[in-house]
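Hi,

Here is the structure I promised to pass on. Have a look at it first, and then read on for what turned up in it.

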Amino acid sequence: KNKHVKYYNSEFFIACIIMALIYIHGKEIINLNINPENLYFDEKGYLRLSGFGHSILYGTKEFKFQFC
């Protein structure tokens, strides 16, 4: 079986990652641990971002919270 990713599939996967980053940025979350091990496929074939153990949440008054 061919294990290479097709070009049009890679565009979709990159778009999923970008949309996830845009979403968490809108929630004022900075994920400090973005790597391939923290990406997984859901049941519909979309890439999901996980691994928020090392994230920073920016509050509205410039407070930083770190989840560990």
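Starting at the N terminus, the order of elements along the chain is α-β-β-β-β-β. That makes one helix and five strands. Please keep in mind that this is a predicted model, so everything below is computed from it.

A few overall numbers to get you oriented. The chain has 68 residues, and 13% of them are buried. Its accessible surface comes to about 5,800 Å², with carbon and sulfur atoms accounting for 61% of that. If you take the contacts with a separation of 6 or more, 39% of them are between residues 24 or more positions apart.

Now for the aromatic rings. There are three aromatic pairs in the structure. In one of them, the ring centres of F12 and Y46 are 5.3 Å apart and the planes sit at 55°, so the pair counts as tilted; the cut-off for edge-to-face is over 60 degrees, and for stacked it is under 30. What does this pair link? It joins distant parts of the chain: F12 belongs to helix α1 (residues 7-26), while Y46 is in the loop between β2 (39-41) and β3 (47-49), 34 residues apart. Both partners are partly exposed, F12 with a relative accessibility of 33% and Y46 with 38%. Taking the ring pairs together, F12, F13, F41 and Y46 form a cluster.

Next, have a look at the surface. Which residues make the nonpolar patch of about 400 Å²? They are I14, I18, M19 and I22. M19 is in helix α1, and its relative accessible area of 54% makes M19 exposed, because the cut-off for that is over 50%.

There is one salt bridge by the rule used here. It is formed by the side chains of R48 and D42, at 2.9 Å from N to O. The two partners differ in how covered they are: R48 is partly exposed, with a relative accessible area of 39%, whereas D42 counts as buried at 13%, since buried means under 20%.

Buried or exposed: what is S55? S55 is buried, with a relative accessible area of 1%. You will find S55 in strand β4 (residues 55-58). A polar atom of the S55 side chain lies 3.1 Å from the backbone oxygen of F52.

F52 comes up once more, this time with I34. The C-alpha atoms of these two residues are separated by 8.7 Å, and I34 and F52 are 18 residues apart along the chain. I34 is located in the loop between β1 (29-31) and β2, and is partly exposed at a relative accessible area of 44%. Leaving out residues up to four places away in sequence, what does I34 touch? The answer is L21 and L49.

If you want a place to begin in the viewer, try the F12 and Y46 rings, then go on to the R48 and D42 salt bridge, and finish with S55 and the backbone oxygen of F52.

Cheers

Definitions and conventions
Residues numbered from 1 in each chain as written. Predicted model: local features only at pLDDT ≥ 70, side-chain atom pairs only at ≥ 80, totals over all residues. Heavy atoms only, no water. Phe/Tyr/Trp six-rings, centres within 6.5 Å; stacked < 30°, edge-to-face > 60°. Helix = DSSP H or I, 4+ residues; strand = E, 2+ residues; numbered from the N terminus. Buried < 20%, exposed > 50% of the residue type's maximum accessible area, 1.4 Å probe, protein only. Patch = residues over 30% accessible without salt bridge, like charges linked within 9 Å, V, L, I, M, F, W, Y side chains within 5 Å. Areas by Shrake-Rupley, 256 points an atom, 1.4 Å probe, with all protein chains shown as cover. Salt bridge = Lys/Arg side-chain N within 4 Å of Asp/Glu carboxyl O. Polar contact = N/O pair within 3.5 Å; in protein donor to acceptor, adjacent residues only side chain to side chain. Contact = heavy atoms within 4.5 Å.
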